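Please look through the structure shown here at your own pace, first as a whole and then part by part. The paragraphs that follow are meant to be read with the model open beside them.

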Amino acid sequence: MQNDWNDLQIFLALERGGTARAAGARLKVSHSTISRRLDAMEQRFGTKLFDRTPDGFVPNASGARILSRAQQIEAEMMELERSVIGNDIRLQGDIRLTAPPPVIEYILLPLLEQFQKDYPLITIELNSTYKQVDLSRRDADLAIRFCDKPDDYLVGRRLPEFRETVFASPEYIARHWDGDTPVSPEWIGWHEDGPLSLRARRENFPKAPIKWKMPNLGLHARAAVQGMGMASLPCPMGDSIHGLVRVPGAKLVNSYPGWLLTHPDLRRMERVRVFAKFLHESINAQSDFIGGTV
């Protein structure tokens, strides 16, 4: 049964990743191991399971028949794993936390040293990403997400109000403000605006054009430090970066609601419960800093 499940994991990783290299990265094995295991699986079934296309591996008719059953078995195995792990009452082991990069860099990192001192046998693995990883498949144990309403199958707590406002270098402000009056400032913006960035521009300097388009907040901040324009940044980020100040007259804009989330099966895992409690209390203690009202 173990070998069968391992083979199905290979199959699912190939279907999701599209290439042997991507599948290997998912499973933390070499791409040659993926290819070898797939060849053995296809020999055992006596048929090819994937079409090899320029876009990668695509399940053929035989593979499609396996896919639904493989997904069902995976769900059962994940449920069993969560059930067993959820009863772990030890304050040691790994915890995987996923959160957007600015949250990790400017809010969480300063907190984690104290947690490590209090619980030296717990190891925290951070995944700095804007993507929503699948908590049901234990791609992470805890997630900080920003959305109006989390998925129904998750449990967690609401975080304090996160806000952003507009930042620029002092030199840029000297060139483009006459007291509190803006004089032809320009935005550092996104390749494609989302609802939040559009709302931020409507609230602050809506007539200012976008001069630069960049794909992430880190680049927005660096460009603003270099005097290339003004950027709307989360308050904990902009207020922490040397070389940036708030521009005159900028309003605070609410972000999406923030949530600290986990899968309900993991609430009984003691180290996850303790870490979630620590994060919630520590983040709430910084509500003024997070909300930009310090």
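The secondary structure of this protein comes to eleven helices and 15 strands, and the reader should keep in mind throughout that the model is a predicted one. Along its principal axes the C-alpha trace spans about 75 × 50 × 30 Å, and of the 294 residues 45% count as buried. Among the contacts with a separation of 6 or more, 73% are made by residues that lie 24 or more positions apart.

A good place to begin is the pairing of strands. Strand β1 (residues 50-53) and strand β2 (residues 56-59) pair in the antiparallel sense over four bridges, and the hairpin that joins β1 to β2 does so through two residues. Within this pair, Asp51 has Val58 of β2 as its bridge partner. Further along the chain comes helix α4 (residues 61-85), in which Ser62 lies. Ser62 has a relative accessible area of 16%, and because buried means under 20%, this serine counts as buried. Once its neighbours within four places in sequence are left aside, Ser62 is in contact with Thr47, Lys48 and Leu49.

A parallel arrangement appears in the next pair, where strand β3 (residues 93-99) is joined to strand β4 (residues 122-128) by seven bridges. The chain passes from β3 through α5 to β4, and this β-α-β crossover is right-handed. In the pairing of these strands, the bridge partner of Thr98 is Asn127 in β4.

In soluble globular proteins, nonpolar side chains tend to be buried together. Here the largest nonpolar core has 27 residues, of which Leu108, Leu142, Ile144, Phe275 and Ile283 touch the most other members. The elements that give two or more residues to this core are β3, α5, β4, β5 (142-146) and α10 (270-284). Taking Ile144 as an example, and not counting residues up to four places away in sequence, one finds that Ile144 touches residues that include Thr98, Val103, Leu108, Leu159, Trp259 and Ile283. A second core, separate from this one, has 19 residues, among them Ala20, Ala23, Ile34 and Leu67.

The loop between β4 and β5 holds Ser136, which at 21% relative accessibility counts as partly exposed. The side chain of Ser136 makes a polar contact of 2.5 Å with the side chain of Asp134. By contrast, the C-alpha atoms of Ser136 and Met228, which are 92 residues apart along the chain, are separated by 43 Å.

Which residues of helix α8 (residues 217-225) are buried? They are Leu217, His220, Ala221, Ala223 and Ala224. Seen down the axis of α8, these buried residues fall within an arc of 165°, so they line one face of the helix. A general point helps in reading such a pattern: an α-helix has 3.6 residues a turn, so residues three or four places apart point the same way. The elements that cover the buried residues of α8 include α5 (101-118), β7 (163-168), β10 (187-189), β12 (231-234) and α9 (235-238). At the start of α8, a side-chain oxygen of Asn216 reaches to within 3.1 Å of the backbone nitrogen of Gly218, while the helix is followed by Gly227, whose phi is positive, near 80°.

Methods
Residues are numbered from 1 along each chain as its sequence is written. This is a predicted model: local features need pLDDT of at least 70, side-chain atom pairs count only at pLDDT 80 or more; totals for chains, interfaces and linings use all residues. Side-chain values use heavy atoms; hydrogens and water are left out. Buried means under 20% relative accessible area, exposed over 50%, partly exposed in between (1.4 Å probe, protein chains only). The arc is that of the directions from the helix axis to the C-beta atoms. Contact means heavy atoms within 4.5 Å. A polar contact is a pair of N or O atoms within 3.5 Å; within protein, one must be able to donate a hydrogen and the other to accept it, and residues adjacent in sequence count only if both atoms are side-chain atoms. Two strands pair if DSSP finds at least two bridges between them. A crossover is right-handed if, with the strands pointing away from the viewer, the path from the first strand over the helix to the second runs clockwise. A nonpolar core is a set of buried Ala, Val, Leu, Ile, Met, Phe, Trp, Tyr and Cys residues joined through side-chain atoms within 4.5 Å.
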